[in-house]
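Here is a short report on one protein model. Keep the structure in view as you read.

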Amino acid sequence: MKYDAQKYAELDKQHVWHHLTNHKDFEPAIYVKGEGMRVTDINGKTYLDAVAGGVWTVNVGYGRQKIVEAASKQMMDMCYFANGIGNIPTIEFAEKLISKMPGLNRVYLSNSGSEANEKAFKIVRQIGQTKHNGKKTGILYRDRDYHGTTIGTLSACGQFERRMQYGPFAPGFYQFPDCDVYRSKFGKCEDLGVKMAKQMEEVILNVGPDGLGGVVVESMTAGGGLLGPPAGYYETMREICNKYGLLMIMDEVVCGVGRTGKWFGYQYWDFTPDIVTMAKGVASGYAPISCTVTTEEVFKDFLADDTDGFFRDISTFGGCTSGPAAALANIEIIEEENLLDNCRAMGDYLLEGFKGLMDKHAIIGDVRGRGLFAGIEIVKDRATKEPIAEPIANAMVGAAKANGVLIGKTSRSFRGFNNTLTFCPALISTKSDIEEIVAGVDKAFTDVEKKFSL
């Protein structure tokens, strides 16, 4: 189907308020078609999408008929009823999801990652009220992590630019240091993970453990620079949580449902969280759905005889049945096509390709990632690790797009360190797709280095 590009661009500029966009002198990009790994804009130009829909969501690729048919059929059968009442797709999806999460047992549905994390925070606070006489309601969060866009989740946000202009924030949230191995103050050492995790314990002791009820972390820091913790980090964190009676919340909004090559990012380490949140890849963007998943022990804290003991929370669109129907089909596709195996293999190939560019482009300071979730940190000087100026990192995104590849970067997070390029192509990626991404990025580096005389 052909569209009048000028007409829609003008209508867009007149009426649409885009996410994370400065609209002064703004010219909108409009995409009209997605198929497999590629999207086509209103002018007919096709791009290889290496960011899974821009915000790391379309895990199984575009145009998946199985998901569309599952959601469509369910909407005709029974589109919605408030989730105080059961429905078949929610029950079937919950059973399937729990089968991928040993040690966890209960699924609470809502419609966004922000909302899923809000539920987790409310669980911690209500338990603090009902079991601990109003104490243990405080929540620890990690520098550079991001958990959502509401005032509550921004209160637990370790990214300055996301928070600026939105205070005052909810009280009772306390920050501890990040897990950036590349810039670690501890340098290289065998027990780096233990040392990094114990920084959290220092904050616990400073705040006072009697007032703290939980800690929330991304399994891999995503928008904060794509950081993966060193060995021993989460196992030590689990021990600390057990020691002080803190619920451990793993934010899998980005990494959940296959992105890292396992069903959930935390499953690369030897521990079990108390609460896991997820959203983006749950239904690969075909329907809005998020989940807050807990252990049975956490669930039982809300079985009190007291009339105020139950979880007094609701999510209107947690009652949309198309979400769990699409999510169930999404998981089945990942199983049937062995996409976790493919994710790990193609992820290794992607990192290998990016590391191969380091000898050619001196501004590449670090290459890191897990599965099909990778980052390239760009620096002015490898020895000092001084970050590249943000306009240069922005130019890399534009240059890659000009070469037919859509990539991302840390943006509007923390000034001075918005210098990491981000990649998360769909789990269906092939070797030729990966090679096209690497070639497009290679060319983009060359173009930008020439433009800025680097």
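A residue is called buried when its relative accessible area is under 20%. The model is predicted. Ala116 has 0% relative accessibility, so Ala116 counts as buried.

**Around Ala116**

Ala116 sits in helix 5, which covers residues 113-131. What does Ala116 touch, leaving out residues up to four places away in sequence? The list is Ser110, Thr277, Met278, Ser290, Cys291 and Thr292. Thr153 is 37 residues from Ala116 in sequence, and their C-alpha atoms are 9.8 Å apart in space.

**Strand 10 and its partners**

Three of the residues touched by Ala116, namely Ser290, Cys291 and Thr292, also appear in strand 10. Is strand 10 enclosed or open? In strand 10, 5 of the 5 residues are buried, so the rest of the structure largely encloses this strand. Both of its faces are covered. Ser290, Thr292 and Thr294 are buried on one side, and Cys291 and Val293 are buried on the other.

Strand 10 pairs with strand 4 and with strand 9, as the table shows.

| Partner of strand 10 | Bridges | Direction | One residue pair |
|---|---|---|---|
| Strand 4 | 5 bridges | antiparallel | Arg106 and Thr294 |
| Strand 9 (residues 275-278) | 4 bridges | antiparallel | Thr277 and Thr292 |

**A pocket**

The second largest pocket holds about 690 Å³ of space. It is lined by 28 residues, and those closest to its centre are Asn83, Val107, Tyr108, Leu109 and Phe299. Strand 10 (290-294) gives two or more residues to this lining, as do helix 4 (88-98), strand 4 (106-110) and helix 10 (296-300). What kinds of residue make up the lining of the second largest pocket? There are 17 nonpolar, 9 polar and 2 charged.

**The cores**

In soluble globular proteins, nonpolar side chains tend to be buried together. The largest nonpolar core here has 90 residues. Phe93, Phe354, Phe423, Ile437 and Val441 have the most contacts inside it. Take Phe354 and leave aside its neighbours within four places in sequence: Phe354 is in contact with Val367, Ala374, Ile376, Phe423, Ile437, Val438 and Val441. A second, separate core has 16 residues, including Phe121, Ile127, Ala156 and Val298.

**An open sheet**

One open sheet has 4 strands in the order 1-2-3-14, with mixed pairing. Strand 1 (31-35) and strand 14 (405-406) are at the edges with a single partner strand each, so each has one side without a neighbour in the sheet. Strand 14 runs parallel to strand 3 (residues 46-49), and 2 bridges join them. Asp49 has Leu406 of strand 14 as its bridge partner.

How values were computed:
Residues are numbered from 1 along each chain as its sequence is written. This is a predicted model: local features need pLDDT of at least 70, side-chain atom pairs count only at pLDDT 80 or more; totals for chains, interfaces and linings use all residues. Side-chain values use heavy atoms; hydrogens and water are left out. A nonpolar core is a set of buried Ala, Val, Leu, Ile, Met, Phe, Trp, Tyr and Cys residues joined through side-chain atoms within 4.5 Å. Buried means under 20% relative accessible area, exposed over 50%, partly exposed in between (1.4 Å probe, protein chains only). Contact means heavy atoms within 4.5 Å. Two strands pair if DSSP finds at least two bridges between them. On a 1 Å grid over the protein atoms alone, a cavity is a set of points where a 1.4 Å probe fits but cannot get out, and a pocket is an open set with protein on both sides within 12 Å along at least five of seven lines; lining residues have an atom within 4 Å of a point. Grid points are joined across faces, edges and corners, and a volume is the space filled by probe spheres set on the points. Ala, Val, Leu, Ile, Met, Phe, Trp, Tyr, Cys and Pro count as nonpolar, Asp, Glu, Lys and Arg as charged, and the others, Gly among them, as polar.
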